[in-house]
Amino acid sequence: MKDQGRFFDFLEVIRRAESGEMMKEADYDKRLGRKALSLMKQYEIRYDPECVIPADDGMADRVYQAAVDLFLDLGVYCTDTQRIIRFTREELEWALKNVPQEVQYGREEERVSLFPRKVEDRRDPVCFFSAVGHL
């Protein structure tokens with residue numbers, strides 16, 4: 001699926017959205033909840049209300065691995081086609097390695113730059129709330 005130096009192209013994602021496994025959204029949500037709970041147990045991920053933002057590197061590594069497992073197992077649900085879009089581990093690794101270092105939203109004085117934050121990043125996080133993707 002390599003295309004002009006890229007691992008996969010947008011048209012391939014569209015094809016997967018039209019040909020992936022069909023599933024009702026409620027069924028996908030149930031599967032997501034069950035898998036998340038299973039991964040929490042498997043990776044010993046626990047919420048501590050006394051430490052909302054833990055500094056435990058081991059916990060961060062376990063959460064990351066659980067997220068990778070969740071993504072690879074469940075894929076992404078496309079509400080428009082009611083299908084699951086799946087990606088391989090190689091595609092995920094390529095995407096993470098090639099993620100844009102900055103994305104800008106808005107224009108003029110309302111423009112904001114979003115960027116991936118690193119562990120212990122001293123830059124303030126960017127928070128914005130909107131109905132992006134919702135009608």
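User: What is the relative accessible area of Val103?
Analyst: The model is a predicted one, in which local features need pLDDT of at least 70 and side-chain atom pairs count only at pLDDT 80 or more, while totals for chains, interfaces and linings use all residues. Residues are numbered from 1 along each chain as its sequence is written, and side-chain values use heavy atoms, with hydrogens and water left out. Val103 belongs to strand 3 (residues 103–105); strands (E, at least two residues) and helices (H or I, at least four) are DSSP runs numbered from the N terminus. Val103 is partly exposed, the class between buried (under 20% relative accessible area) and exposed (over 50%), judged with a 1.4 Å probe and protein chains only, and its value is 32%.

User: Which residues make the nonpolar surface patch that has an area of about 330 Å²?
Analyst: A patch takes residues with over 30% relative accessible area and no salt bridge, joining like charges within 9 Å and nonpolar side chains (Val, Leu, Ile, Met, Phe, Trp, Tyr) within 5 Å. Areas come from the Shrake-Rupley method with a 1.4 Å probe, and for residues only the protein chains shown count as cover. The patch of about 330 Å² is made by Val103, Tyr105, Val126 and Phe128.

User: Where does Phe128 lie, and how far apart are the C-alpha atoms of Phe128 and Val112?
Analyst: Phe128 is found in the segment after strand 4. Its relative accessible area is 42%, so Phe128 counts as partly exposed. Along the chain, Phe128 and Val112 are 16 residues apart, and their C-alpha atoms are separated by 9.3 Å.

User: What pattern of helices and strands does the chain follow?
Analyst: The secondary structure comprises 4 helices and 4 strands. Read along the sequence, these elements give the pattern α-α-α-β-β-α-β-β.

User: What percentage of the residues count as buried?
Analyst: The chain has 135 residues. The share of them that counts as buried is 20%.

User: How many salt bridges does the whole structure contain?
Analyst: A salt bridge is a side-chain nitrogen of Lys or Arg within 4 Å of a carboxyl oxygen of Asp or Glu. A search of the whole structure finds a number of such pairs equal to 7.

User: Why are Arg15 and Glu12 separated by about one helical turn, and what is the N to O distance of their salt bridge?
Analyst: The separation is about one helical turn because Arg15 and Glu12 are 3 residues apart in helix 1 (residues 10–19). Arg15 is partly exposed at 44% relative accessibility, whereas Glu12 is buried at 17%. Their side chains meet in a salt bridge with an N to O distance of 3.2 Å.

User: Which residue forms a salt bridge with Arg16, the closest N and O atoms being 3.0 Å apart?
Analyst: Arg16 has a relative accessible area of 13% and is therefore buried. Arg16 and its partner both lie in helix 1, 4 residues apart, about one turn of the helix. With the closest N and O atoms 3.0 Å apart, the partner of Arg16 is Glu12.

User: Where do Arg31 and Glu21 lie, and what is the N to O distance of the salt bridge between them?
Analyst: The side chains of Arg31 and Glu21 meet in a salt bridge. This pair links distant parts of the chain, 10 residues apart, with Arg31 in helix 2 (residues 25–42) and Glu21 in the loop between helix 1 and helix 2. Both are partly exposed, Arg31 with a relative accessible area of 30% and Glu21 with 35%. The N to O distance is 3.7 Å.

User: Which residues are joined into one network by salt bridges that share partners?
Analyst: Glu12 pairs with Arg16 and also with Arg15. Through shared partners, the network consists of Glu12, Arg15, Arg16 and Glu91.

User: What is the phi of Glu44?
Analyst: Glu44 is found in the loop between helix 2 and helix 3 (57–74). With a relative accessible area of 49%, Glu44 is partly exposed. Glu44 is not a glycine, yet its phi is positive, at about 50 degrees.

User: Which residue in the loop between strand 3 and strand 4 (112–114) has a positive phi near 50 degrees?
Analyst: The residue is other than glycine, with phi near 50 degrees. At 65% relative accessibility, this residue counts as exposed. The residue found in that loop is Glu108.
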